[in-house]
Structures are given as structure tokens and as C-alpha cells.
Amino acid sequence: MPLAPPPQRSAPLGDERLRAAIDDTLTAFLRHECTTLESTDPALRPFAALARDSVLAGGKRLRPTFAHWGWRGVAGAGPADEPVLPAFAALELLHAFALIHDDVMDGSVTRRGRPTAHQVLAAQHTGAGRAGPADRFGTAGAVLVGDLCLVWADRLLARAEVPATALLAARHCYDQMRVEAIAGQYLDVLGDAEPDRWSVDRALRVARLKTASYTVTRPLLFGAALTGGGAAVAEAYQRYGDAVGEAFQLRDDLLGVFGDPAETGKPAGDDLRTGKPTVLLLLARRLATAAQAAELGRTGSPGEIDRIAEIVADTGAVAVVDAMIDNRVSAALAALDRAPIDGSTRAALSALAVAATQRRS
């Protein structure tokens with residue numbers, strides 16, 4: 001019997017026209033940036049190509065999508081979005097920076113079904129017969145690839161064709177998003193180092209900083225700021241974003257244990273293998289019997305990881321997390337009901353709330 005079965009099918013995360021427009025914006029920008037970088041020294045070609053591929057190799061484009069609807073909710077149905085597409089696309093470069101660094105910190109081997117940046121660079125190092133440890137070169141190079149994506153994000157954001165006051169307001173939101181994401185990531189690393197001191201409340205705080213703010217809340221507010229307004233919808237966006245973002249992370253916790261690697265692009269059970277203090281695992285420990293608690297502390301072989309996953313499900317923690325997700329989605333939809341936005345934006349954000357939290361990958 002499958003553990004924590006995912007929903008029957010994943011809903012699409014945003015319309016295809018918007019995703020294609022974001023991808024086109026990124027492709028054109030990265031083509032120019034990579035050509036410029038490669039002209040400095042031919043040895044930079046694989047470095048630039050890896051940065052480009054890290055951005056363009058799949059992904060849900062969730063952050064640009066939320067930014068678009070944050071903007072549309074204030075701007076209305078009339079204005080075309082071409083002038084603000086660079087700002088939306090910049091969030092995807094910021095996301096690439098975060099993922100690349102996250103993979104280094106977690107020692108992840110795959111991302112979206114492909115080798116992670118540090119693995120690619122280590123393999124290139126070995127293949128070229130260079131001096132020094134390949135893993136050290138891979139780690140150092142991946143940090144720089146992530147840094148490059150962060151700089152590129154700033155550069156692309158500056159290309160948005162909006163009044164200077166609006167761009168400055170959006171930049172303040174963008175900067176706060178980065179601070180919160182970094183703070184959340186540090187707490188995430190700290191939790192790995194002292195899991196016995198972690199609580200469900202603290203794990204949720206990490207989710208709000210690392211995931212909710214950076215994935216939903218700040219992109220919405222960022223999009224609204226690009227209009228030069230947005231104060232009227234800020235509270236509703238905050239409530240909606242925090243609720244959907246937390247639910248998104250809770251779903252991620254479930255997928256990290258029970259997801260299909262063919263769909264998630266990542267090995268299942270990594271959180272259990274490292275004992276990461278996710279809400280799911282902390283709840284399982286709280287609900288476990290003495291015998292179950294003893295087994296939950298074990299790590300090691302794939303067979304042991306499978307057994308730990310079974311115990312997590314048997315404690316009832318999965319059902320509790322599923323209920324937490326449902327409650328947050330309901331709170332998000334209630335926030336939208338009170339928001340002064342048009343019907344098409346409300347419908348789109350309602351669909352995104354469901355799609356982002358009932359996904360397989």
C-alpha cells in the first residue's frame with residue numbers, strides 16, 4: 001500500500017503564455033550575458049553554460065507567476081506585461097542562485113533529474129585531469145555559479161520599464177525577500193546541526209522565511225510594487241502568501257519522504273537520511289510510541305530509510321500535515337475573498353493556491 005499518496009494529478013502552475021514569455025526573456029538575456037562572459041576568456045565558456053543551463057533546465061516558474069498576478073491584481077486587465085517581464089524573470093535567476101547554493105549545503109547529487117552544479121563541475125575537473133580534489137573544485141565553482149546568477153538577477157531587474165519610484169519600491173521588496181530567504185536558510189542549516197532543539201513552531205518559522213516569503217508573499221508584493229501602488233492589497237497578499245507558502249513547504253516535506261523521484265527529480269528519503277527537523281518528522285516524533293521513536297532515530301541503508309518512512313506514516317503525522325495544508329489553503333482563499341482585486345486575478349491566485357500545494361514535484 002503506498003504511503004502518503006499524492007493527489008491524482010498535478011494542476012498546471014500558471015498559464016503557458018506567461019511561462020513562455022518568461023522563458024523567452026531569460027533565454028535572450030542569458031544568450032547575451034554568456035557571450036559577453038565567454039569573450040573575456042574561453043575557459044569561462046563551460047562556467048557560463050552551466051549557469052545558463054541551471055536557469056533554463058526546467059522549473060515551475062512559480063515565483064515569476066506569483067509576481068505577475070501580484071502586479072495584475074493592482075494594474076488591472078488593461079496594461080500589457082512586456083515592460084515588467086524582466087522584473088518577473090529576474091526572480092527565476094534569484095531562485096537559481098538559491099537552489100545552487102542549497103544543493104552545495106545539502107550535498108545533493110541531483111536537481112530536477114540532472115546532476116547538481118557542484119557534481120557537474122567536479123566531473124569536469126576529473127575529466128580534464130586537473131590538479132587538486134575534484135569535490136573541492138566543484139563546491140567552489142558552484143558557489144561562484146550561484147553568485148553569478150544573483151548578479152544577473154539584479155542586472156535583469158534593472159531592465160524593467162517602470163517609473164523609477166516603482167522600481168525603487170520593488171527593489172526594497174526584493175531586498176527584503178533576499179534577507180528573509182538567507183535568514184531562513186541559515187536557520188535551516190542550524191536545524192540540521194541541532195535537530196533535538198527544534199520545535200514544530202520553529203520549523204514553521206523557517207518555512208515562512210525560507211519558503212513562504214521567497215516563493216509567494218514577497219513575489220506578490222514585489223509585483224504589486226511594480227505598479228507604483230499596491231498598498232490596498234498588501235495585507236491580503238501577505239495573508240494569502242504566508243498561508244500558501246507554508247502549505248507549499250509542508251507539501252515539500254511530504255514529497256521529500258514519499259515523492260516519486262521520477263517526478264520530483266530528487267532522491268526520496270534525503271530528509272530522513274539526515275534527520276532534518278521538518279514539520280513532518282517533528283510531528284512523527286511527537287506522536288510516536290516509545291518503540292516507534294527508537295526506530296525513528298535510525299539512519300543508514302535504503303531499507304532502513306524505507307522502514308522509517310513507514311513509521312512516519314504509521315504515527316499519523318502524514319494525516320496531520322495534510323490537514324495543516326488544507327487549513328492553510330482555506331485561509332489563503334478566505335484572504336482572497338476580502339482582497340480588492342479583480343475576478344480574473346482572484347481566480348488565478350485561487351487556482352495557484354491549490355496547484356502549488358497539491359503537486360507531485
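**A walk through four helices**

In this predicted model, the buried residues of helix α3 are Leu 62, Arg 63, Pro 64, Thr 65, Phe 66, Ala 67, His 68, Trp 69, Gly 70, Trp 71, Arg 72 and Gly 73. The helix, which covers residues 62-75, is thus mostly covered, with 12 of its 14 residues buried. From its first C-alpha to its last, α3 reaches 20 Å, which is close to the 20 Å expected for 14 residues at 1.5 Å a residue. What do the buried residues of α3 pack against? Their partners are the helices α1 (16-40), α4 (85-106), α8 (200-225), α9 (234-258) and α16. After α3 comes Gly 76, a residue whose phi is positive, near 85 degrees.

One of the helices against which the buried residues of α3 pack is α16, and this helix, made of residues 343-357, contains Ala 347. Ala 347 has a relative accessible area of 47%, and because values between 20% and 50% count as partly exposed, this residue is placed in that class. The C-alpha atom of Ala 347 is separated by 9.1 Å from that of Leu 336, a residue 11 positions away along the chain.

Elsewhere in the chain, attention can turn to the pair formed by helix α6 (residues 134-157) and helix α7, which pack with their axes 12 Å apart and at an angle of about 160 degrees. Because an angle over 145 degrees counts as roughly antiparallel, α6 and α7 are described as roughly antiparallel to each other. The crossing in which α6 passes α7 is right-handed. Which residues meet where the two helices come together? On the α6 side they are Leu 150, Ala 153, Asp 154 and Leu 157, and on the α7 side they are Leu 167, Arg 171, Tyr 174 and Arg 178. Sorted by class, this contact of α6 with α7 has 5 nonpolar and 3 charged residues, and no polar ones.

Helix α7 itself runs over residues 164-193, and Glu 180 has its place within it. Is Glu 180 buried or exposed? Its relative accessibility is 13%, and Glu 180 therefore counts as buried, since the cut-off for that class is under 20%. When neighbours within four places in sequence are left aside, the residues in contact with Glu 180 are Leu 209, Lys 210, Ser 213 and Arg 218.

Terms used:
Residues numbered from 1 in each chain as written. Predicted model: local features only at pLDDT ≥ 70, side-chain atom pairs only at ≥ 80, totals over all residues. Heavy atoms only, no water. Buried < 20%, exposed > 50% of the residue type's maximum accessible area, 1.4 Å probe, protein only. Contact = heavy atoms within 4.5 Å. Axes fitted to C-alpha atoms, helices over the stretch in contact; angles between N-to-C directions. Parallel < 35°, antiparallel > 145°, perpendicular 65-115°, else oblique. Left-handed = near helix turned anticlockwise from the far one by under 90°. Nonpolar A, V, L, I, M, F, W, Y, C, P; charged D, E, K, R; others polar. Expected span 1.5 Å × (residues − 1).
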